[in-house]
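Dear colleague,

Please find the structure below. My notes follow it.

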Amino acid sequence: SGTSMLSALLQEMGVFIGAAVDKAVYEDIEVARFIDAGDFEGLKAFIARRDGEHDIWGFKRPNSYRVLPKLVPMLRAPRVIVMFRDILAIAMRNHVSMQMDVMPALPRYVTEYAELVANISGLKCPMLLVSYEKFVQFPEESIALTAEFAGVTMTPELMERALDAVRNGPEAYLQSSRLRYTGHVDRIVQGK
């Protein structure tokens, strides 16, 4: 939905987004382990360590929207940036990367967006709601708004680097998010 672009942008702005970050998709591997395992006690201790190391830090884990109501109260001064993207664009992107059929996927994305909206509606913290399409269409304005929300002071040099981070589908991301098959196909002779 554009979360990799946003995470890359925040990192370019100097926001710490993790010590172990998957550079193709800009996800914090350590945070992902806690969230995926449902280990909120471990996550609480991890957050305390991270708070001690960084005044401002963040992470990207797209499926964390499912646990935001439980996660946000654990954070020192939470700010949530929520990226929205056209669901057809998401379906078409997943068709390219994961060979998912577009039409059957659309109802799932509608349901996931409904769950996302329900989960963020009750949050008691500052939120920035972002349209991926508008971000790409108006990058300078969107970067400035994101920087202000994140507490980052923009300079002309930082704006140039940030503009470089706002790219639609960089090659490394596309290659890393595609399905891969390992192995080989042997020769078939007389049906065997």
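Which helix is Glu141 found in? Helix α8 holds this residue. Bear in mind that the model is predicted.

Is Glu141 buried or exposed? Its relative accessible area is 52%. Exposed means over 50%, so Glu141 counts as exposed.

Glu141 also belongs to a negative surface patch. The other members are Glu140, Glu157, Glu160 and Asp164. Two elements, α8 (139–150) and α9 (156–165), each give two or more residues to this patch. The largest share comes from α9, with 3 residues.

Now the charges of the whole chain. There are 22 positive side chains and 24 negative ones. The centres of these two sets lie 6 Å apart.

Next, the fold. The chain has 10 helices and 4 strands. Read from the N terminus, the order is α-β-β-α-α-α-β-α-α-β-α-α-α-α. Along the principal axes, the C-alpha atoms fill a box of roughly 70 × 40 × 30 Å.

Contacts come next. Take those between residues at least 6 apart in sequence: 67% of them join residues at least 24 apart.

Last, burial and surface. The chain has 192 residues, and 40% of them count as buried. The exposed area is about 11,500 Å². Carbon and sulfur atoms supply 57% of that area.

Best regards

How values were computed. Residues are numbered from 1 along each chain as its sequence is written. This is a predicted model: local features need pLDDT of at least 70, side-chain atom pairs count only at pLDDT 80 or more; totals for chains, interfaces and linings use all residues. Side-chain values use heavy atoms; hydrogens and water are left out. Patches are made of residues with over 30% relative accessible area and no salt bridge: like charges are joined within 9 Å, nonpolar side chains (Val, Leu, Ile, Met, Phe, Trp, Tyr) within 5 Å. Accessible areas come from the Shrake-Rupley method with a 1.4 Å probe; for residues, only the protein chains shown count as cover. A salt bridge is a side-chain nitrogen of Lys or Arg within 4 Å of a carboxyl oxygen of Asp or Glu. Lys and Arg count as positive and Asp and Glu as negative; His and the chain ends are not counted. The place of a charge is taken as NZ of Lys, CZ of Arg, CG of Asp or CD of Glu. Buried means under 20% relative accessible area, exposed over 50%, partly exposed in between (1.4 Å probe, protein chains only). Contact means heavy atoms within 4.5 Å.
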